[in-house]
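This report describes how the parts of one protein model meet. It begins with the domains of one chain and then turns to the contact between chains.

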Amino acid sequence: MTMKKLAISVAAAALLAGPALAEVDMSGKTIEWVIPFSETGGSAKWANFFAPLLSEELPGNPTVVVKFMPGAGSTKGANWFQEQEYDDGTLIFGTSGSTQFPYLLGDPRVRYEYSDWVPVMASGTGGVAYLNPTDGEKFDGSANNLQDIDFIYGSQGATRLDLVPLLAWEMLGMNVEPVFGIKGRGDGRLMFERGEATIDYQTSSSYLGASADLVEQGAAVPMMTWGALDENGDIVRDPTFPDIPTFKEVCEATDGCETSGEAWDAWKAFFVAGFPVQKIAFLPAGTPDDVRDTFTAAFDAVRNRDDFATIAAKQVGEYEVFVGDNAKRATESGTTVSPEAKAYVLDWLKNAYGVTLN
Amino acid sequence: MDLFADALPALGQAWEMILQPAVLGYLVLGVVMGLAVGVFPGLGGIAGLSLLLPFMFGMDPLMGLALMVGMVAVVPTSDTFASVLMGIPGSSASQATVLDGFPMAKKGQAARALSAAFTSSLFGGLVGAMFLTMFIVVARPLVLAFGLPEMLMISILGLSMVAVLAGRVALKGLAAAGLGMLIGTIGEADAGGSLRMATYDIPYLTDGLKLVIVGLGIFAVPEIVSLLRQDRAIAKEAKLGAGWGVGVRDWFANKWLSLRCSLIGVVVGVIPGLGGSVVDWIAYGHAVQTTKDKSNFGKGEIRGVIGPESSNNAKEGGGLVPTLLFGIPGSGSMAIFIGAIALLGSGDIEVGPSMLRDNLDITYSIVWLLALANVVGTLLCIAASGGIAKLTTIRFTYLAPFLFMLISFAAFQSGQNFEDILALFTIGLIGIFLRRFDWSRPAFLIGFVLSNPVEKFSNQAFQIASFRFRSSFQEGMDYIFSPIVIVLLIITVVSVVLGLRQAKSIMAEGDVKAGSKRAPLVFLLIIMAYVVAALINANMIPDYNLTDKIVPLVIGGITLAALLILLVQMILRPETDTIFADKESSGEDADAPYGLWPTLAWFGGLIAATWVLGFILALTGFLIAFLRVRAQASWTKTLIMTAGGLALMCVMAGALNRDFPPGLLQDVTDMPWPLN
């Protein structure tokens with residue numbers, strides 16, 4: 001009897017202690033959050049925003065430092081991360097649309113495989129396209145009156161995020177001539193303000209920060225957002241800009257633009273990779289589940305902070321932060337395109353801009 | 001304009017906000033940290049600011065701004081130490097300072113050069129702040145007047161400074177600049193992504209070479225190697241001449257030059273997209289053109305120090321305009337600055353067009369915090385300059401291993417690749433031979449710096465212009481020949497004509513005697529081989545990517561033409577002609593007790609050992625071997641100095657959270673920091 005009691009209490013103690021023992025304690029450790037970009041880009045801003053919050057929520061409050069490993073449009077850092085194995089949970093890697101696009105397009109420099117990694121958090125953004133006031137007057141919710149105008153657009157390159165707006169305008173039958181080689185969307189906006197470019201787009205936070213001012217002064221007319229994804233994966237109005245129609249709506253209203261078929265599927269695939277699932281935080285391949293869960297819980301606590309919506313709005317925009325299984329699903333949809341969509345985009349890049357990726 | 005009605009009260013509020021003990025305390029703290037980071041070449045504001053970022057979250061906006069502004073403001077001041085004392089351009093802001101500052105240090109006038117430089121920096125910073133206070137409220141439309149053709153013209157004006165700095169044989173200067181531009185085009189093209197002289201098999205090359213590495217390679221490596229071969233102190237006879245008071249008087253005697261260069265600095269700094277890299281060359285060119293007796297430039301002319309130093313701090317102020325008003329960072333550190341501002345307080349300071357309307361007081365606070373930081377930083381630097389200048393009296397053989405250590409570390413920080421150090425060595429070799437055969441190194445560097453802007457702006461301006469011409473001829477002409485473009489065009493032409501006339505008297509490398517025909521001819525042929533290879537390579541880019549090939553083809557063509565003319569001249573002229581200038585035939589280098597290759601082998605050895613053992617282990621071996629064998633130091637001295645060097649590296653890297661280059665050993669073993 002006593003023996004049995006003892007056994008039971010030992011078993012009970014073991015059960016109680018079990019999870020406690022397995023709990024990951026990171027006190028005194030330094031977590032390196034590596035991003036494959038320089039100190040100056042949007043990903044740096046994103047990681048620097050999350051780093052101190054993450055530190056507060058992880059058990060033992062480890063120091064979280066952001067490290068930069070720029071090179072070859074982020075493929076260098078991603079190739080490096082592919083080589084890393086799980087050690088003690090002190091390494092996080094952050095990717096962005098610029099890491100996803102070369103992967104999706106089959107860039108020869110890519111030697112990384114997204115499905116090997118363990119996603120713990122994903123966040124996104126939206127985008128708004130706008131026109132100069134003269135041509136903006138001709139915009140009536142469809143692009144029908146914009147089809148015989150020549151537009152100029154300051155672009156970072158057709159294989160970057162700019163693929164999404166360029167393909168959208170192309171599908172609307174608009175004639176947009178990209179001037180390649182600018183260094184960031186800010187430079188594109190400046191070109192628009194100077195009147196050298198006549199059409200532009202900005203991600204949500206930059207639109208709110210600067211372009212919305214232009215709209216207020218009558219120096220720009222908003223045309224469309226790229227939209228946002230609902231739970232079923234359908235495109236709906238962007239919650240940040242409920243008054244601006246989505247590209248889907250404009251496309252439906254425009255003669256010759258289809259919201260089904262291979263062009264639409266290709267556009268949507270790259271839109272998802274570039275905007276709603278733009279930035280993802282990964283743990284290296286081979287990370288045990290308890291460590292993954294610890295990080296998931298910490299990111300979950302971060303996004304549930306009372307003040308999160310306010311502070312995030314300035315930094316990463318008012319968009320959903322996915323964690324855990326949702327982050328995993330988001331990562332899957334952001335890093336897979338159908339072979340048809342890929343072939344369509346590669347073909348379009350070659351025909352429209354002479355860009356080949358080999 | 002009601003902005004003016006708002007401006008004065010906002011200015012008053014700004015001063016009230018700044019003049020709080022806590023704010024000033026943070027400012028001083030920032031300045032001290034900035035000085036500590038800035039004296040090391042190649043680190044500068046970006047490393048320092050990234051270090052501060054984690055603390056910015058939720059910090060009181062003013063305190064945070066004071067800390068950050070203090071740090072950013074003093075980098076162009078403190079980097080002067082490295083450029084004047086060691087001939088190492090600490091950042092792109094102090095490249096032109098090396099030209100005359102370092103020769104002054106060699107003459108034992110380091111303290112004088114430093115204090116003149118610091119006084120100019122201070123004055124430039126203050127002029128910049130004052131100019132901005134008035135200008136910032138009306139800046140927006142003026143900044144928008146600078147379109148692509150205007151920016152292209154400014155880049156070309158910068159390029160025209162090659163004429164002044166071309167050296168005694170103008171064609172050699174032209175070819176050096178062309179070579180610099182071609183090397184600047186290496187990697188993936190901005191416009192179409194074609195590869196120039198690069199392959200995806202060597203990913204390092206696809207990103208192109210970094211300015212830090214080229215600056216260090218072209219200026220620092222040749223000087224370090226040359227001094228090391230001569231085995232003496234930097235200051236001849238190891239004596240310090242004129243003190244810091246003389247430098248301040250020098251500045252006063254040249255106050256108008258300083259004022260003009262400050263204005264050049266702030267105006268060029270205001271234009272987004274150009275950044276600071278051209279400013280100091282334009283200021284240097286201006287200093288040369290407005291000096292009657294030009295014979296001292298390149299040999300230690302104080303005006304050559306005052307000009308660029310006045311402009312580079314003023315430029316920081318000017319750079320605030322695109323940063324704060326447009327949200328477009330003028331430099332890497334400004335980009336982090338923008339990001340950090342959003343972290344401050346509750347995040348309601350929004351950089352961009354609304355900054356002037358909603359946060360004019362904060363804007364003014366930033367402008368004047370910058371000015372105050374300049375004052376504090378300059379006073380600290382002047383106070384330190386006398387002591388630090390004594391470094392130039394130490395036997396150089398004791399300094400050199402630490403300089404190799406510093407420049408390797410600095411180069412590695414630019415990209416975190418082992419290839420960074422290899423690139424430094426390669427560019428260093430080019431620098432050594434450019435110096436030896438009297439090909440203008442400043443021209444090479446200007447070409448490199450402006451290669452990207454010239455290519456980018458000409459391609460983009462051409463595209464937009466052709467678009468305008470399609471709508472009407474008049475519209476196209478109006479676009480290309482705006483009043484600003486015409487004014488800049490006139491300035492450029494005048495400066496080229498004057499520059500060519502003056503170039504002969506400016507000997508950046510000193511009076512280099514001609515030697516035999518063979519060595520200079522071989523060097524010319526090597527350059528020609530590279531240019532031909534680059535031309536063939538560019539020509540292979542398919543025509544639909546014309547934007548990626550046109551600039552390398554045109555620049556390569558001009559360079560090749562210059563080289564061919566030089567080749568003909570070399571065949572025709574006698575070997576006493578200045579075209580055959582060779583430092584190894586007579587002068588300091590020729591008389592040096594040590595040869596070039598054995599000296600360079602030490603640096604090569606450090607790099608090779610790093611490849612195998614990782615940086616820290618390699619450095620330990622290198623320092624001990626160098627000090628024992630080359631410097632013949634006692635064991636005690638060797639060990640103390642080695643320990644000191646290692647400690648310095650570890651403290652610096654540890655504090656800034658930087659890594660060291662790993663080697664093969666680190667691939668197979670798992671070692672603790674700093675060995676990993």
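Domain bounds, as used here, come from an automatic or database domain assignment. On that basis chain A holds domain 1 (30-124 + 277-334) and domain 2 (127-274), and 27 Å separate the centres of the two domains, taken over C-alpha atoms. The model is predicted, so local features need pLDDT of at least 70 and side-chain atom pairs count only at pLDDT 80 or more, whereas totals for chains, interfaces and linings use all residues. Residues are numbered from 1 along each chain as its sequence is written, chains are lettered from A and ligands numbered from 1 in the order in which they are written, and side-chain values use heavy atoms, with hydrogens and water left out.

**The two interfaces**

The size of an interface is often given as the accessible area lost when the parts come together. Buried area is here the accessible area (1.4 Å probe) that two parts lose on being put together, summed over both. Contact means heavy atoms within 4.5 Å. A salt bridge is a side-chain nitrogen of Lys or Arg within 4 Å of a carboxyl oxygen of Asp or Glu. A polar contact is a pair of N or O atoms within 3.5 Å; within protein, one must be able to donate a hydrogen and the other to accept it, and residues adjacent in sequence count only if both atoms are side-chain atoms.

| Interface | Residues in contact | Buried area | Share on carbon and sulfur atoms |
|---|---|---|---|
| Domain 1 of chain A and domain 2 of chain A | 11 residues and 13 residues | about 1,100 Å² | 64% |
| Chain B and chain A | 49 residues and 46 residues | about 4,100 Å² | 53% |

**Between the domains of chain A**

Domain 1 and domain 2 of chain A have zero salt bridges between them, and two residue pairs are in polar contact across their interface (both at pLDDT 80 or more). On the side of domain 1 of chain A that touches domain 2 of chain A, α4 (97-105) and α13 (324-334) of chain A each supply at least two residues; helices are DSSP runs (H or I, at least four residues), numbered from the N terminus. With five residues, α4(A) gives the most to this side of domain 1 of chain A.

Eight of the nine residues of α4(A) are buried (under 20% relative accessible area, 1.4 Å probe, protein chains only), so this helix is largely enclosed by the rest of the structure. Among the buried residues are Phe101(A), Pro102(A) and Tyr103(A). At the start of α4(A), a side-chain oxygen of Ser96(A) comes to within 3.0 Å of the backbone nitrogen of Ser98(A). Just after the helix, Gly106(A) has a positive phi of about 75°.

**Between chain B and chain A**

Phe57(B), Tyr200(B) and Phe467(B) supply 14% of the area that chain B buries against chain A, more than any other three residues. Three salt bridges are counted between the chains. One of them pairs Glu188(B) with Arg109(A), whose closest N and O atoms are 3.4 Å apart. There are also 11 residue pairs in polar contact between chain B and chain A (both at pLDDT 80 or more). Elements that give two or more residues to the side of chain B that touches chain A include α3 (44-56), α8 (148-165) and α22 (441-471) of chain B. The largest share, seven residues, comes from α22(B).

Helix α8 of chain B also contains Ser155(B), which is buried at a relative accessible area of 0%. A polar atom of the Ser155(B) side chain lies 2.9 Å from the backbone oxygen of Met151(B).

Technical notes
Buried < 20%, exposed > 50% of the residue type's maximum accessible area, 1.4 Å probe, protein only.
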